[in-house]
Structures are given as structure tokens and as C-alpha cells.
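Trainee: Could we go through this structure together before I set up any calculations?
Mentor: Certainly; please put it on the screen.

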Amino acid sequence: MFPSTGSNGLYKAPLSKSLLLVPSALSVLLTLLFQHYQKFFTYNLQAVKEDFQIWRLVFGRTVCLDLKDTFCSSLLIYNFRIFERRYGSRKFSSFLLGSWMLSALFDLLLVEVVQYAFGITISSLPSGFLGPVFALFVPFFCSIPRMQVTQILGQFPITNKTLVYILGLQVQYVLPCSPFIELAV
């Protein structure tokens, strides 16, 4: 499905393997068995700011609460495992941690700006490991070469990167990252 990533699976990618297993298992368990505990994993910014429930920030930005979002995010993480092999696990984990922290900071800043500028209070945002996953699209765009796989109707080329971008759009529109999109839904 993703010819640009190699055929070695999760070999030499322990962080990607753990990012696939732990949040996916928690998401499946929360969706199928422990639905009454999902309220503890929601990314509720009001609870973080007013009640200082920092654990909501950690769990809400790590575990997806919908299985199709978990599936799409897992496919993206699996595809981006190539960067863990290129950079090494230590550098890859520092990149993920830094982008996770920056995206959490920007979430909080955007919510405050929207509340100050427009007077709209946003209490919760979509949960999941989306900030680091979307941050990995930049090195993917810049460093993975585009190779044509096939064509549709003889005019539209399908490359090895097309399916990854379609998955990213699917996650973006099914599970929006922007507080402005969240308001429209």
C-alpha cells in the first residue's frame, strides 16, 4: 500500500511500534469495553485551565476516542516509521515530544485568542496524537521522493505519496484539529 517506506515492517522502529500498540489498544478498550471511562480521556481545555487537570492534557492529546480516527492515525504513524529509522529513536522521540508540546501550547493559545477576539468559549478539542503526526508531513513532503505508481484515466498520476496525503486529509476532516472547524461542527 505504501511502496516508499520499505518492506521491513517495524524493524528498528521501537517508538513507532509502541505508538501503534499503546494508544490503539487504549482506544479499542475505551470504545468497546470501558465506554463509561471515555469522559476522562476527552481533551477538555476548560478542565485543564480551571481545575488544573493536567492529566487531561496528556491523555486527551494521546488517545483517540473514535476507532476510525485511531485506524487512520495508526496508518500514518506506521508510514512515518521511516523517519525513526533515518533519525534514530532518540532524535525521533525528541521531535515527537517537541511537536507534541508545541501543538498543545498552540491549542491553548488559539483557544485564548478566539475567546478574547470573538468572545467564543471553546471547552474541548478533538483528542488524539494529531500534532506530532501532522508535523511529520513536513519531512515527508521534503525528503521522500515522489514516484509515479499508476495513472487514473491516463491523466491523473497516482504516486507513492498520494495515499498518505489522502489519509491525512481523512483524519483532518473527520477529526478536525482547528478550533475554528470544531465550532462549525
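The conversation below covers confidence, overall make-up, one helix and the cysteines.

Trainee: What kind of model is this, and which pLDDT do local features need?
Mentor: This is a predicted model in which local features need pLDDT of at least 70 and side-chain atom pairs count only at pLDDT 80 or more, while totals for chains, interfaces and linings use all residues. Residues are numbered from 1 along each chain as its sequence is written, and side-chain values use heavy atoms, with hydrogens and water left out.

Trainee: What is the mean pLDDT of the protein?
Mentor: The mean is 82, and 89% of the residues reach 70 or more; pLDDT is the predictor's confidence in each residue, from 0 to 100.

Trainee: Where does pLDDT stay under 50?
Mentor: That applies to residues 175–185, for which the model has 24 contacts beyond four places in sequence, a contact being heavy atoms within 4.5 Å. Where pLDDT is low, the predicted coordinates should not be read in detail.

Trainee: How many helices and strands does the protein have?
Mentor: There are ten helices and four strands. These are DSSP runs numbered from the N terminus, with H or I over at least four residues for helices and E over at least two for strands.

Trainee: How much of the protein is buried?
Mentor: Of its 185 residues, 40% are buried, meaning under 20% relative accessible area with a 1.4 Å probe and protein chains only.

Trainee: Turning to α6, what is its reach?
Mentor: Helix α6 covers residues 89–118, and its 30 residues reach 42 Å from first C-alpha to last, close to the 44 Å expected at 1.5 Å a residue. The expected span is 1.5 Å times one less than the number of residues.

Trainee: Which residues are buried there?
Mentor: Among them are F92, L96, S99, W100, S103 and D107. After α6 comes G119, with a positive phi near 75°.

Trainee: Which spans does UniProt mark as "transmembrane region"?
Mentor: The unreviewed entry gives residues 20–37, 92–110 and 116–142; such annotations may be inferred rather than shown by experiment. In the model, residues 92–110 are 100% helix, whereas residues 116–142 are 56% helix and 7% strand.

Trainee: How many disulfides does the structure hold?
Mentor: It holds zero disulfides, a disulfide being a pair of cysteine sulfur atoms within 2.5 Å.

Trainee: Why is C72 without a bond to C64?
Mentor: The sulfur of C72 is 9.4 Å from that of C64, its closest cysteine sulfur, and this is too far for a bond.

Trainee: Is C64 buried or exposed?
Mentor: C64 counts as buried because its relative accessibility is 7%, and C72 is buried at 10%.

Terms used:
Buried < 20%, exposed > 50% of the residue type's maximum accessible area, 1.4 Å probe, protein only.
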